[in-house]
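The report below describes the fold, the nonpolar interior and a few individual residues of one protein chain. Please keep the sequence and the model at hand while reading.

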Amino acid sequence: MALSVIAGSTCKRLSLHRASTMIATCSSSSRRIVNTAALSRRRCKNQCSIFNHRNNCSWSQYSSSSNNSSIGRHQRRMMVTTTSRQSTSKQRGPKYPNHQTNKASSSSSTIRFILSEAITLESLLPRSPTLRHLLNILNTSLLKPRSIPLPRYISPQHYSFTLSECFGHASFILVAASYATEDFLQLRIMAVFGSGAMLFFTYFHPHGRVLWLPLKWNLLFITLNSYRIGRVLFKRYMADQLPEKWKKFREEHLSSLDAVDFYKLYCIAKEETYEEGEVVMIQGTANPNVRIVIEGELEVLRDGTLTYVLEKGNFVSESGLHSGLLLSGSMEACGSIVVGPPFDPNTSAGEKQNNTDETDTVQTKQIRRRNKVRVLTWDRSDLVQLLETDKGLYNSLKACLSWDIVRKLKTQRHMLVEGRVKDPKSWTKKREDQGISRYAAILQNMLRHPPEEVQAMSEELNKYRLIHHIDDSDHERALAKCGWTKEEFRLGRQEKEDEFEEDDMEEVESLRWRKMTRLSNKVVRTLLQ
């Protein structure tokens with residue numbers, strides 16, 4: 001009965017349901033142990049008295065026989081053997097223990113386990129009386145058996161459940177439903193609610209024990225998913241804080257990008273402004289930037305000849321991004337880009353030269369506004385690094401670049417219709433040369449990479465050739481401009497590798513170092529995401 005009193009005093013502060021269960025178990029086990037212990041005590045007394053009597057008799061006989069020479073050597077040996085066997089049996093215990101003794105030991109171990117569990121739960125309870133009371137209320141309500149009122153003609157069997165079991169079922173249902181959702185934020189939110197329901201089930205378990213292993217893992221899952229939800233909501237909030245002009249620009253020209261993706265691009269970009277007559281880029285120079293026009297108009301010249309015009313929403317120097325070529329570093333400019341005067345479609349070039357009316361000239365000068373160009377500029381290496389780590393942004397930007405190519409083709413047709421092209425044949429020839437020069441710049445950037453990377457980008461290069469109609473002859477011309485042959489490009493290395501300059505080797509090493517840096521950053525971001 002002392003064990004029941006100890007269990008009852010330990011469980012005073014626990015819930016009524018757990019305390020009653022533990023006291024009942026302890027009282028039944030204690031009664032069983034008392035009966036078993038009494039029986040074992042009586043048996044031990046009898047066996048000890050018998051053993052003591054035998055030992056005294058044997059040793060008295062042995063001591064008397066040692067003085068008595070009439071007792072034989074064989075009898076003395078038997079008495080010593082019997083005494084040694086009895087002492088060994090006392091040390092080792094009986095060969096076949098009694099079943100009641102096993103029951104007593106198992107019952108005592110059960111009571112010790114219940115008491116240790118009760119002490120552990122007691123130490124986990126909060127010290128505040130209000131929180132203890134709240135926890136007891138939750139424990140009682142969640143573990144209270146509730147019956148399902150089914151008519152007997154449906155099922156004569158009695159069904160019962162607890163609210164803790166309902167939380168467990170709800171957790172698995174929410175996790176299964178989250179797998180069917182396509183929205184990233186909805187999946188995370190449902191995963192958090194599912195893990196939260198599993199916390200209630202593991203802490204208020206129907207068996208009366210706290211399942212610490214799943215509880216700790218679910219706490220970790222809730223923390224990770226909550227961090228991801230907070231990060232997404234924060235980026236959406238920051239995207240909503242952008243000025244209205246940027247929101248309108250995205251809706252009109254970059255509709256394939258959502259607000260968060262456009263905000264990511266905006267964070268790594270810088271805004272530049274050019275006035276009329278300024279040069280943005282010179283033909284043949286290294287260009288490490290990618291731009292997009294957000295206001296004004298740019299003219300692209302090849303050997304001094306106007307080839308096409310870049311308007312609001314057009315990309316500048318994307319150089320294969322639309323086909324999947326993620327080339328970092330600088331690219332050789334295939335043409336010069338300048339800020340020319342705004343074009344008036346109502347007045348042709350010949351009419352401007354033959355116009356002698358001074359009044360009209362003054363009016364046109366007053367009406368004509370100067371061309372001011374604003375662009376968003378990205379460093380190509382930073383942009384490529386962002387696209388490599390965010391595949392969703394990469395696919396959305398590829399869609400925007402594809403639409404941009406279509407817009408540029410339509411602009412070239414408008415140039416022919418509006419009369420901005422003086423000689424269509426020479427204009428077509430310059431456009432073709434510009435396309436080959438752009439392709440050669442892409443090859444030159446690719447060939448600065450290690451051979452294994454060149455082989456990995458061959459599929460994207462074939463896509464670019466298919467889009468821009470680069471045949472084998474144009475491919476060989478571009479390779480010859482880079483100083484390579486078709487066979488060397490197929491092998492991924494040149495025959496005279498020992499004649500490489502030190503600058504080329506340093507550039508290859510820097511490219512490899514940047515690749516390792518991007519890979520490590522990608523791994524870290526993937527783990528955080």
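## Loop residues, core and cavity

S319 lies in the loop between strand 9 and strand 10, where helices (H or I, at least four residues) and strands (E, at least two) are DSSP runs, numbered from the N terminus. This is a predicted model, in which local features need pLDDT of at least 70 and side-chain atom pairs count only at pLDDT 80 or more, while totals for chains, interfaces and linings use all residues. Residues are numbered from 1 along each chain as its sequence is written, and side-chain values use heavy atoms, with hydrogens and water left out.

S319 has a positive phi of about 50 degrees although it is not a glycine. S317 is placed in the loop between strand 9 (315-316) and strand 10 (331-332), and S317 also has a positive phi, of about 65 degrees, without being a glycine. Most residues other than glycine have a negative phi. Is S317 buried or exposed? At 18% relative accessibility S317 counts as buried, because buried means under 20% relative accessible area, with exposed over 50% and partly exposed in between (1.4 Å probe, protein chains only). S319 is buried as well, with a relative accessible area of 11%.

For the chain as a whole, the secondary structure comes to 20 helices and twelve strands, and buried residues make up 36% of the 529 residues. The accessible surface is about 33,000 Å², of which 57% belongs to carbon and sulfur atoms; such areas come from the Shrake-Rupley method with a 1.4 Å probe, and for residues only the protein chains shown count as cover. Among contacts (heavy atoms within 4.5 Å) between residues at least 6 apart in sequence, 73% join residues at least 24 apart.

A nonpolar core is here a set of buried Ala, Val, Leu, Ile, Met, Phe, Trp, Tyr and Cys residues joined through side-chain atoms within 4.5 Å. Within the largest such core, which has 27 residues, L254, L265, W378 and L387 touch the most other members. At least two residues of this core come from each of helix 9 (244-253), helix 10 (259-267), strand 6 (289-295), strand 12 (373-379), helix 13 (380-389) and helix 14 (391-418), and helix 14 gives the largest share, five residues. Another core lies apart from it and has 21 residues, including V280, M281, L301 and L306. In soluble globular proteins, nonpolar side chains tend to be buried together.

Leaving aside residues up to four places away in sequence, W378 touches L265, I268, A269, P288, N289, V290, R291, I292, F315 and L383. In helix 10, V260, D261, F262, Y263, K264 and L265 are buried, and the buried residues of this helix pack against helix 8 (212-240), helix 9, strand 12, helix 13 and helix 14.

Which residues line the second largest cavity? They are L265, V290, F315, L321, W378, L383, L397 and L401, and this lining divides into eight nonpolar, no polar and no charged residues. Here Ala, Val, Leu, Ile, Met, Phe, Trp, Tyr, Cys and Pro count as nonpolar, Asp, Glu, Lys and Arg as charged, and the others, Gly among them, as polar. A cavity is a set of points, on a 1 Å grid over the protein atoms alone, where a 1.4 Å probe fits but cannot get out, and lining residues have an atom within 4 Å of a point. About 40 Å³ of space lies in this second largest cavity, and the count comes to two cavities of 30 Å³ or more.

Three further residues, each placed in a helix, are set out with a C-alpha separation.

| Residue and helix | Relative accessibility | Partner and C-alpha separation |
|---|---|---|
| D382, helix 13 | 40%, partly exposed | S328, 8.0 Å |
| N225, helix 8 | 10%, buried | M190, 9.7 Å |
| T202, helix 7 (residues 184-203) | 2%, buried | L213, 8.9 Å |

D382 and S328 are 54 residues apart along the chain, N225 and M190 are 35 residues apart, and T202 and L213 are eleven residues apart in sequence. Not counting residues up to four places away in sequence, N225 touches R188, A191 and V192, and by the same exclusion T202 touches R209, V210, L211, P214 and L215.

Terms used. On a 1 Å grid over the protein atoms alone, a cavity is a set of points where a 1.4 Å probe fits but cannot get out, and a pocket is an open set with protein on both sides within 12 Å along at least five of seven lines; lining residues have an atom within 4 Å of a point. Grid points are joined across faces, edges and corners, and a volume is the space filled by probe spheres set on the points.
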